[in-house]
Amino acid sequence: DSVKGLEADDSVLVVTPNMYKYLDQTSLHVEKHHNIEWNKVYVAITRARKRFVVAIDHGLFKNDSEIISSIKVRLQSYGFNDLPA
């Protein structure tokens, strides 16, 4: 498997529970840091020319406000901003 993408003005990454494990990486063993899921994150991040948008699918996190808040805090620690409630 490989992940490819063309550059675009905007790129969107939808955060799912599995995708978040690879975006966060604190709960992964070192040997699992780079795999197909991480490649999806990397491609989404590196293809945006102007704006990279991260969308958290609340339904996939069972609308658990504590988990969603922790995801937002983690994303802000990476330098993301403008995270609406």
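**Notes on a predicted β-α-α-β-α model**

1. Let's start with a cross-strand pair. Arginine 49 makes a salt bridge with aspartate 9, with 3.4 Å between the closest N and O atoms. The two sit in distant parts of the chain: arginine 49 belongs to strand E2 and aspartate 9 to strand E1, 40 residues apart. As for solvent, arginine 49 is exposed at 53% relative accessible area, while aspartate 9 is partly exposed at 34%. Keep in mind throughout that this is a predicted model.

2. The count of salt bridges comes to two, so what is the other partnership that aspartate 10 forms? Aspartate 10 pairs with arginine 51, and their closest N and O atoms are 3.3 Å apart. Aspartate 10 is in strand E1 and arginine 51 in strand E2, so this pair ties together parts 41 residues apart in sequence. Aspartate 10 counts as partly exposed, with a relative accessible area of 38%.

3. Now the overall picture. The protein has three helices and two strands, and along the sequence they run β-α-α-β-α. Of its 85 residues, 27% count as buried. The protein exposes about 5,900 Å², with carbon and sulfur atoms supplying 51% of that. Among contacts between residues at least 6 apart in sequence, 64% join residues at least 24 apart.

4. On to serine 11, which is in strand E1. Serine 11 is buried, at 11% relative accessible area. Where does its side chain reach? It gets to the backbone oxygen of alanine 44, at 2.7 Å. Leaving aside neighbours within four places in sequence, serine 11 is in contact with Ala44, Ala48, Arg51, Phe52 and Val53. Note that Arg51, one of those contacts, is also the salt-bridge partner of aspartate 10.

5. Next, the nonpolar core. The largest one has 15 residues, and those with the most contacts inside it are Val15, Val41, Ile56, Phe61, Ile71 and Leu75. Two or more residues each come from strand E1 (8-15), helix H1 (17-24), helix H2 (36-46), strand E2 (48-56) and helix H3 (65-77). H1 gives the largest share, four residues. As general background, nonpolar side chains tend to be buried together in soluble globular proteins.

6. If you want one residue to click on in that core, try Ile71, which is listed among those with the most contacts inside it. Not counting residues up to four places away in sequence, isoleucine 71 touches Tyr20, Ile56 and Phe61. Ile56 and Phe61 are themselves on the list of residues with the most contacts in the core.

7. Helix H1 deserves its own point. Which of its residues are buried? They are Met19, Tyr20, Tyr22, Leu23 and Asp24. The cover over the buried residues of H1 includes E1, H2 and H3. Just after H1 comes glutamine 25, with a positive phi near 65 degrees.

8. Aspartate 24 is the charged name on that list, so I'd look at its surroundings. Aspartate 24 lies in helix H1 and counts as buried at 12% relative accessibility. Setting aside neighbours within four places in sequence, aspartate 24 is in contact with Arg74 and Tyr78. The C-alpha atoms of aspartate 24 and leucine 75 are separated by 8.5 Å, although the two residues are 51 apart along the chain.

9. The whole structure has one aromatic pair. Phenylalanine 52 and phenylalanine 80 form it, in a tilted arrangement, 5.8 Å centre to centre with 45 degrees between the planes. This pair links distant parts of the chain: phenylalanine 52 is in strand E2 and phenylalanine 80 in the segment after H3, 28 residues apart. Phenylalanine 80 is partly exposed, at 23% relative accessibility. Phe52 also turns up among the contacts of serine 11.

10. Last, a backbone check. What sign does phi take at lysine 62? Phi there is positive, near 55 degrees, in a residue other than glycine. Asparagine 63 has a positive phi too, near 50 degrees. Lysine 62 lies in the loop between E2 and H3, and asparagine 63 has its place in that loop as well. Lysine 62 is exposed, with 73% relative accessible area, and asparagine 63 counts as exposed at 56%.

Terms used: Residues numbered from 1 in each chain as written. Predicted model: local features only at pLDDT ≥ 70, side-chain atom pairs only at ≥ 80, totals over all residues. Heavy atoms only, no water. Buried < 20%, exposed > 50% of the residue type's maximum accessible area, 1.4 Å probe, protein only. Contact = heavy atoms within 4.5 Å. Areas by Shrake-Rupley, 256 points an atom, 1.4 Å probe, with all protein chains shown as cover. Core = buried A, V, L, I, M, F, W, Y, C linked by side-chain atoms within 4.5 Å. Phe/Tyr/Trp six-rings, centres within 6.5 Å; stacked < 30°, edge-to-face > 60°. Polar contact = N/O pair within 3.5 Å; in protein donor to acceptor, adjacent residues only side chain to side chain. Salt bridge = Lys/Arg side-chain N within 4 Å of Asp/Glu carboxyl O.
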